[in-house]
Amino acid sequence: MKRILLVEDDLTYSRIVKTFLEKNGFLIQTAVKVKEAQQLFSNSKFDLIIADFRLPDGTGMELLQWSKSNYPQTQVILITHYSDIRIAIKAMKLGAFEYITKPINPDELLATVKESLSAKIPDPISSDTITAPTSSSAKNKVNSSYVVGSSAEAEKLEKHIQLVAPTDLSVLVLGETGTGKEFISRRIHDFSTRKDGAFIAIDCGALPKELAGSELFGHVKGAFTGALENKTGHFEMANGGTIFLDEIGNLSYEVQIQLLRAIQERTIRKIGGNKEIQIDVRIIAATNDNLILQAGDGHFREDLYHRLNEFTLSAIPLRSKKEDLEDFADQFLEESNERLGKNVKGFSPEVWEIFLGYDWPGNLRELRNIIKRAVLLTSGSHVEKESLPADLYEPSISLAGSNGSYSSITSKTDMLSPKDYKSQWIEQEKELIQKVLMDTKFNKSKTARILNMDRKTLYSKMEKYGLD
């Protein structure tokens, strides 16, 4: 019997979910805090963690990062509100299997739990995305998941991909979270002369600071405590192929120096080693940060930025290319049908109206998840409005706090003037920043990550609100 740890501080909600999962054959243990969940792991082994994002002593994101470091074979599902959608998507990049939104749909929860428990978790040595296509069928599978789009912006992006792919230029892909920066990078690789080599994707934001150099460049036995054997780094593994460095702005200054040297001299040196290793690797980096601002702050080396930025591509946010929405939706519908064993034919006119009117803050990743959820819940031939989260067509619901007290919020704001709205927004933003700072014990880097803003913006707002 599979063991699940449910971490939820709303005891009524926790009891409902626990009872439902137990009736479906799972063994459930509950906790209400991050520290309590961590302590339970010292006595028990769990196959899956289901955690609310907002917890009394921290966040589900912190629990996710801790579990991936200490128990990488345990899957994690996050429970969020739609106001947390960007953070939920970030959590998936850090290793969460999936996120589901409140109010939880029982069918969606059960399907997600079963899928997570049956999914194969990669071995730690190859936990990053490593692809070395050796057959035409493998290449076609990679290409089939990429949608070019028919808008002028999409056609321009594709033209630039085709231009830069055959060269060996380093490429910097800019764009918001969820806009498909890794798909763009894979497409560059697939159309390059290195297409038969490995494609290795690294999320720099998920690399532990103290181990980032070892992960990227390797280490020799005895180089540091815990280095029990020689390790081959990702750059050496990517030799002859392409390495994709996502969220490049999260690398420490020391690792940036090592990376700059690797680019300039085309050699690496393992941590603790004295032998130069020749490498032939194309680098594609991606970020949603302003690296020029970070360079001005001293957080990112300007010379490294210029080395990486031999050619720039911009991943377009979904709200700016609504003309391509149908192309992406059809692709994700096909994927979801195949994955869930369904045969949903399309979307009702009402659903299309909702899709076209929504802002898609989580971009393509959010669209894919919404469609997968809708296909799961659809019993007819077409996706109907009822299969969509209410937040898509009633966006004011996302203003509710984590306790779901929507009515109290609307009653206070119904008669507010635009000036009052602005004042209330400023006050809410101040309170949110203050709360996260206190939860992280004023760890500004962690606070900035949780709030999904760069450090410069956080410092500016802290000064503005007198939170220093």
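Among contacts in the protein chain between residues at least 6 apart in sequence, what percentage join residues at least 24 apart? The figure comes to 71%. That count belongs to a predicted model, and the chain in question has 468 residues, 47% of which count as buried. Its secondary structure adds up to 20 helices and 17 strands. With that overall picture in place, a few spots are worth a look one at a time.

A pair of helices makes a good start. Two packed helices are described by the angle between their axes and the distance between the axes. Here the pair is helix α1, covering residues 11–23, and helix α5, covering residues 106–118. Their axes come within 11 Å and cross at roughly 60°. An angle under 65 degrees but not under 35 falls outside both the roughly parallel and the roughly perpendicular ranges, so α1 counts as oblique to α5. As for the hand of the crossing, α1 passes α5 in a right-handed way. On the α1 side the contact is made by V17, F20 and L21, while α5 brings P106, L109, L110 and V113. Sorted by type, the residues of this contact turn out to be seven nonpolar, with no polar and no charged ones.

Moving along the chain, helix α8 is mostly covered, with eight of its 10 residues buried. Which residues of α8 are these? The buried set consists of K181, I184, S185, R186, R187, I188, H189 and D190. F191 then sits in the loop between α8 (181–190) and β10 (199–203). Is F191 buried or partly exposed? Its relative accessibility is 34%, and since buried means under 20% and exposed means over 50%, F191 counts as partly exposed. This residue also has company from elsewhere in the sequence: leaving aside neighbours within four places, F191 is in contact with Q162, A165 and P166. The C-alpha atoms of F191 and V164 are separated by 9.2 Å, with the two positions 27 residues apart along the chain.

Next come two residues picked out by their backbone angles. Most residues other than glycine have a negative phi. E247 has a phi near 50°, a positive value in a residue other than glycine. Where does E247 lie? Its place is the loop between β11 (242–246) and α11 (253–265). Relative accessibility there is 2%, so E247 counts as buried. W360 likewise has a positive phi, near 50°, and is a residue other than glycine. W360 belongs to the loop between α15 (349–357) and α16 (363–377). At 0% relative accessibility, W360 counts as buried.

The last stop is S336, in helix α14, which runs over residues 325–340. S336 has a relative accessibility of 4%, and it therefore counts as buried. What lies 2.8 Å from a polar atom of the S336 side chain? It is the backbone oxygen of F332. Beyond its neighbours within four places in sequence, S336 is in contact with G341, I371, K372 and V375.

Terms used
Residues are numbered from 1 along each chain as its sequence is written. This is a predicted model: local features need pLDDT of at least 70, side-chain atom pairs count only at pLDDT 80 or more; totals for chains, interfaces and linings use all residues. Side-chain values use heavy atoms; hydrogens and water are left out. Helices (H or I, at least four residues) and strands (E, at least two) are DSSP runs, numbered from the N terminus. Buried means under 20% relative accessible area, exposed over 50%, partly exposed in between (1.4 Å probe, protein chains only). A polar contact is a pair of N or O atoms within 3.5 Å; within protein, one must be able to donate a hydrogen and the other to accept it, and residues adjacent in sequence count only if both atoms are side-chain atoms. Contact means heavy atoms within 4.5 Å. Axes are lines fitted to C-alpha atoms, for helices over the stretch in contact, and angles run from 0 to 180 degrees between N-to-C directions. Angles under 35 degrees count as roughly parallel, over 145 as roughly antiparallel, 65 to 115 as roughly perpendicular and the rest as oblique. A crossing is left-handed if the near helix is turned anticlockwise from the far one by less than a right angle, and right-handed if clockwise. Ala, Val, Leu, Ile, Met, Phe, Trp, Tyr, Cys and Pro count as nonpolar, Asp, Glu, Lys and Arg as charged, and the others, Gly among them, as polar.
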